[in-house]
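Hello,

Here is the structure I promised to pass on to you. Please have a look at it first, and then read my notes below.

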Amino acid sequence: MADRRQVLRFGAVAAATPVLAGAASAPAWAGTGRPGGKPAPLVVGHRGASGYRPEHTLASYELAARMGADYMEPDLVITKDGVLVCRHEPEIGGTTDVASRPEFAGRKRTVSLDGVSVTGWFTHDFTLAELKTLRATERIPALRQQNTLYDGRFEVPTFQEVLDLRKRLSRELDRDLGVFPETKHPTYFQQLGLELEKPLVRTLRRNGLDRRGAKVFVQSFEAANLRTLAGEYRLQVPLVFLTGASGGPFNDPRSYAEYLTPAGLKELSQFVDGLGPEKSQIIPRKADGTLGTPTALVANAHAAGLKVIPYTFRAENSFLPAELRVGTDVSAYGKAIDEQVIFLRTGIDGLFTDNPDIGVLARTLI
């Protein structure tokens, strides 16, 4: 682990064997598009290009790649028969048409998801064959009415299908496209006897992607999950610890705030390579909703040898700081380019965005 950490710290990891004959090899942490060939911050297509297509569909991931994203980000949950699929949560009532399918009406139930009571339909109550009969829908239709145009058009993809898409698009676009999978609620699934770690590692290795320099990052909101991947499974790709502005990992005595102290960052650096903080942990908002003064998190993380890629950057007024909103319509676009430029100038190493085209443009302006 120490050798891997040192290589990544200096940002000089090259692929051990080129994935593509025609694609240029690049460090895993280096984005593309900065003049002069200098390393650029990464643009991660958050759930694909979810500002333009229903999230976690092959159409959304492909659009992200075509817009210039360096990485596609699939969230991973699991089916009853142990297949990794891409959904934001185990509950799929808000992202598929399952509620309109009478044959699955009896599957609706209430579970305790990380201590929170959730009612709906859950991937672990469906086989892959059953899940494949469903179609994706827009998760936030009130804000993204244009995305509802595609409701009912796309399947729920498997993780393997995303890796197949990555391989095809890498060849077509002549660049090594990355994937940034997140294990969703790993403790919850482990308690169900459906652990995420083993099929994730097995799938990466089957596709030749568990190696230094592969364009893969694995992320999780649970530090214990990342410890297991680093220690027990000896995963070779970079690991990223996601953090929230409040609370802490499920079933963990420490809060996210404790993990982000200088001592906590030093400990994290023993088994992870980067942080994915909520963006307000980089620049908090003031009481009036405008941006405040940047925190020391970027500097402290870099001092511990960790990269920083905050989430989530979106174009709608609803998600922007008050001074960057345009008009009063919460679903209208505001000054999203300006927001991303402001954050990129803090020294972050990349960003998660629902609008990859905006991220690609913003990084050319810093």
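How far apart should the ends of helix α4 be, given its 15 residues at 1.5 Å a residue? The expected span is 21 Å, and the end C-alpha atoms of α4 (residues 159-173) are indeed 21 Å apart, so the two values agree. Please keep in mind throughout that this is a predicted model.

Staying with this helix, its buried residues are Phe159, Val162, Leu163, Leu165, Arg166, Leu169 and Ser170. They lie on the same side of α4, because they cover an arc of only 155° around the axis. Among the elements that cover these buried residues are α2 (58-66), β2 (71-73), β3 (75-78) and α6 (197-206). Just after the helix comes Asp174, which takes a positive phi of about 60°.

Now for the chain as a whole. Its secondary structure comes to twelve helices and 13 strands. A compact globule of 366 residues would have a radius of gyration near 21 Å, and the chain has 20 Å, so it agrees with that expectation. The C-alpha atoms fill a box of roughly 55 × 50 × 45 Å along the principal axes. Buried residues make up 55% of the 366 residues. Of the contacts with a separation of 6 or more, 68% are between residues 24 or more positions apart.

What about the interior? In soluble globular proteins, nonpolar side chains tend to be buried together. The largest nonpolar core here has 73 residues, and Val218, Phe241, Leu268 and Leu275 touch the most other members. Helix α4 turns up again, since the largest share of this core, five residues, comes from α4. Apart from this core lies another one, of eleven residues, among them Ala28, Phe180, Val240 and Tyr311. If you would like to look around Val218, its contacts beyond four places in sequence include Pro181, Leu200, Leu204 and Leu226.

Next, a few spots in the loops. Arg314 is found in the loop between β12 (307-308) and α11 (336-344). Is Arg314 buried or exposed? Arg314 counts as buried, because its relative accessibility is 12%, under the 20% cut-off. Its side chain is joined to that of Asp354 by a polar contact of 2.7 Å. Leaving aside neighbours within four places in sequence, the contacts of Arg314 also include His46, Arg47, Arg139, Arg144 and Glu339.

Thr312 has its place in the loop between β12 and α11. The peptide bond leading from Tyr311 to Thr312 is cis, with omega near -20°.

Two histidines are worth a visit too. His56, in the loop between β1 (42-46) and α2, has a positive phi of about 55° although it is not a glycine. His56 is buried, with a relative accessible area of 0%. His185, in the loop between β8 (182-183) and α5 (186-191), has a positive phi of about 50° and is not a glycine either. His185 is buried, with a relative accessible area of 17%.

Finally, Gly93 lies in the loop between β4 and β5 (109-113). At 25% relative accessibility, Gly93 counts as partly exposed. Not counting residues up to four places away in sequence, Gly93 touches Val98 and Trp121. The C-alpha atoms of Gly93 and Arg53 are separated by 18 Å, and the two residues are 40 residues apart along the chain.

Enjoy exploring it!

Best wishes

Note on methods. Residues are numbered from 1 along each chain as its sequence is written. This is a predicted model: local features need pLDDT of at least 70, side-chain atom pairs count only at pLDDT 80 or more; totals for chains, interfaces and linings use all residues. Side-chain values use heavy atoms; hydrogens and water are left out. Helices (H or I, at least four residues) and strands (E, at least two) are DSSP runs, numbered from the N terminus. Buried means under 20% relative accessible area, exposed over 50%, partly exposed in between (1.4 Å probe, protein chains only). A polar contact is a pair of N or O atoms within 3.5 Å; within protein, one must be able to donate a hydrogen and the other to accept it, and residues adjacent in sequence count only if both atoms are side-chain atoms. Contact means heavy atoms within 4.5 Å. The expected span of a helix is 1.5 Å times one less than its number of residues. The arc is that of the directions from the helix axis to the C-beta atoms. A nonpolar core is a set of buried Ala, Val, Leu, Ile, Met, Phe, Trp, Tyr and Cys residues joined through side-chain atoms within 4.5 Å. The radius of gyration is taken over C-alpha atoms; the globule rule is 2.2 Å times the number of residues to the power 0.38.
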